[in-house]
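Reader: Could you walk me through one part of this model up close, the open sheet and whatever packs around it? I'd like the surroundings too, as long as you start there.

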Amino acid sequence: MSRMIQALANINMLWEYISFFFVVFRVDLRGNTIKRNVGLSACLLIWITGLIFDLQWMDINIGPLPVFVFLIFAMIYFIFDMNLIELILTGIGQWLFLSMFEDLFFIILEKAVIDKFIKEYIILGTVTGVIWIMFVLLDKKRGPKSFRLPLKMWVVMDLIMAILTAMISFFTYVMLRTAPESKMMITGKYLALVGEALIFVLLIVLIYYYNCMHSYRVEKEHQEEINEQQREYFNQLLERENETKKFRHEIVNDLLEMQYFCKEKKYDDLKSYLDDTLGIVQSISKNNYDVGNDIVNTVLNYYLKPINEKCEIDISGYMGDDVSIDQRDLCVLSANLIKNASEAIEKTESGKIRFSVEQGKKFLVMKTINTFDGELKLDKTGKVLTTKSDTQNHGFGIENIKSVVKKYKGTYDARVVDGMYQAEISLRI
Amino acid sequence: MAVRNSTKAFVVGICDDEMHIHDAIKDLLNEYSAVRKTAVKYIQYFSAAELLKATDHLDVLLLDIEMPEVDGIEVGYELQKNKVDYRVIMLTAREDRYREAFRIGAFRFVPKPVDKAELFAALDDVSDHMVSLKEVTVYRDGVSYQIPQEDILYIEANKSATLIFTGKADFRSEKPISSWMEELDERVFFQCHKSYIVNMGKVEDVDKNVIRLVSNDKILVSRRLRAPFLRAFVTYDTKHR
């Protein structure tokens, strides 16, 4: 019986922690890998072994034993897709946060004469309940990453929370020692706890606003970049329009000239004159890159026209303007691909960029192939391994591609084939 | 590169109202034939009406946009309605009309005056994309039938034999599922499960490990083959359809 209760209490606690990571931090679940499965099974095995030998590692009076904490965090590590440092920093934060709230409830229920495990269920249940109510209430309002902070900030947060917790424990201890049952001291104890709770909540709210501001700024910068690209594109179109106008005015002269050559039977001159004129027409019509979609055209012309003399550029394929992909998403994807390619080219002497787009009935595929200089980290199959360092980089970067691609149930793949960098995005349309 | 049957000529239709364009293209096609070492046959049409009446087998049609009476875009719509099985390459001096060209399902767009490199690239793409499906032999009630590969929805293993589903009728073959892939075109068919081969042209939707076909039949994809199947399906959808 006691083992049953113990097991349930353990599961309850694990569930509370998982809920917190899932709801508040919104960490993605780890994919179905051997590492995850082996890791989780090992954790489960240790846990069950512990239960069989009746290890009292969840005794609330002495606090969770290090092994149990380790076990819980190992499980969270294997369930969620994050690295160790992230896990440790956010893990400490959430542990301090949750234990503070549990303490608060524990003190409220202090006088109640209930079995200690039942008491614990009530507390854990309440906290988990609050977390999930938050999930239901706030889910639509906030972005997926509104409670996530850069890791450096987490170090500071953990420190603040740890000191606060220590401070409150110290005061409670001193107060209970000096005047155990005086009414004032009990009031003081409650005040300290409620104060701590409020400061914690305030911290969380601050994180939320910090992130809102941050994502707003990124969004704004991104929008400005798009505007800049479009301005540039329209300027190019105007330029082309002017050239066409100029050509129309001059065509009369050209025709007169040709008429003269005809009259004089100077056919060789006529032919070379004609060739020249055709050349001008073609150069006007080849002035802009055009794949049929204004968003992608804007991006292509913005990034590739300035470098088209320096390197070989080949654009092919077609996609409609009516493709069912959000314009902003399309911009993020194409800009990322093309910007990366053009940046890679800048470092080389004479580069090549090939961009192609293919639209099928159910999929859209965009692909860049370009030359590059320098070293890339590759895995066994030639896939390019990315670092997470560019996550917050102006709304551009691999993380952005990945999140948009995920929205359209697509794939993103970057690899090196025959010494060329190949990036390919496929989306469901 | 080419999937073309070397004994069969590559049949190119040319539809343009101007004789000199025909001449220029014929020269280019002869050169293409020599360079690519493949027989090229061309059929000429001088108006939209002539083209629409014709029932010639074509591999690709070079269609001019600016023609008197009916223009190339309208012809394109008609061809799309008639569900012709060849691809259309649009020719025009007016680049502003190429979006219309693609909207009617044109495969490529070659600006006039016809540039050799661009025409060759477009023709190469056509031959790359051409999927010439042979017929296969199947049985029903002991009688043998020749059915075109594209009619097959999917093939299911049945002990050591196989069942072939086409939507209209079901057939049987003594061939095991493992040897079917040798006969079928692997750009169109994919073995997505140890007992299923699917025609990607008939796939309506893929969800987790279930493929839903246009006929509403559902077949399974094994976990291990899910990613390769999606890759093959994307390639089929954007390149060979």
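Author: Here's the sheet, then its surroundings, then a loop in the other chain and the confidence scores.

Some housekeeping: this is a predicted model, where local features need pLDDT of at least 70, side-chain atom pairs count only at pLDDT 80 or more, and totals for chains, interfaces and linings use all residues. Residues are numbered from 1 along each chain as its sequence is written, while chains are lettered from A and ligands numbered from 1 in the order in which they are written.

Chain A has eleven helices and five strands; helices (H or I, at least four residues) and strands (E, at least two) are DSSP runs, numbered from the N terminus. Five strands of chain A make an open sheet, ordered 1-2-3-5-4, with mixed pairing. Two strands pair if DSSP finds at least two bridges between them. At the edges sit strand 1 (312-318) and strand 4 (411-417) of chain A, each paired on one side only. On average, neighbouring strands of the sheet are turned by 10° against each other, direction ignored. Axes here are lines fitted to C-alpha atoms, for helices over the stretch in contact, and angles run from 0 to 180 degrees between N-to-C directions.

Take the strand 1 edge: strand 1 of chain A runs parallel to strand 2 (residues 352-359) of chain A, and seven bridges join them. A:Ile313, for one, has A:Ile353 in strand 2 of chain A as its bridge partner.

Now for what packs on the sheet. Helix 10 (residues 327-346) of chain A lies across strand 2, strand 3 (363-370) and strand 5 (420-428) of chain A, and runs at about 10° to strand 3 of chain A. Helix 10 of chain A also gives the most to the largest nonpolar core, with nine residues. That core has 96 residues, and those with the most contacts inside it are A:Val299, B:Leu62, B:Met90 and B:Val198. (A nonpolar core is a set of buried Ala, Val, Leu, Ile, Met, Phe, Trp, Tyr and Cys residues joined through C-beta atoms within 7 Å; buried means 20 or more other C-beta atoms within 10 Å of a residue's own, exposed 12 or fewer, partly exposed in between, with C-beta atoms placed from the backbone.) Leaving out residues up to four places away in sequence, A:Val299 touches A:Gln229, A:Cys331, A:Ser334, A:Ala335 and A:Ile338, contact being C-beta atoms, placed from the backbone, within 7 Å.

The sheet also reaches the partner chain. 13 residues of chain A are in contact with eleven residues of chain B, and helix 8 (267-285), strand 2 and strand 3 of chain A each give two or more residues to that side.

Over in chain B, B:Leu184 lies in the loop between helix 6 (177-183) and strand 11 (189-193) of chain B. B:Leu184 counts as partly exposed because 19 other C-beta atoms lie within 10 Å. It touches B:Gln149, B:Phe189 and B:Ile197, not counting residues up to four places away in sequence.

How far to trust all this? The model scores ipTM 0.77 and pTM 0.67. Chain B has a mean pLDDT of 86, with 95% of its residues at 70 or more; pLDDT is the predictor's confidence in each residue, from 0 to 100. Residues 1-6 of chain B stay under 50. Where pLDDT is low, the predicted coordinates should not be read in detail.

Notes:
Two residues are in contact if their C-beta atoms, placed from the backbone, lie within 7 Å.
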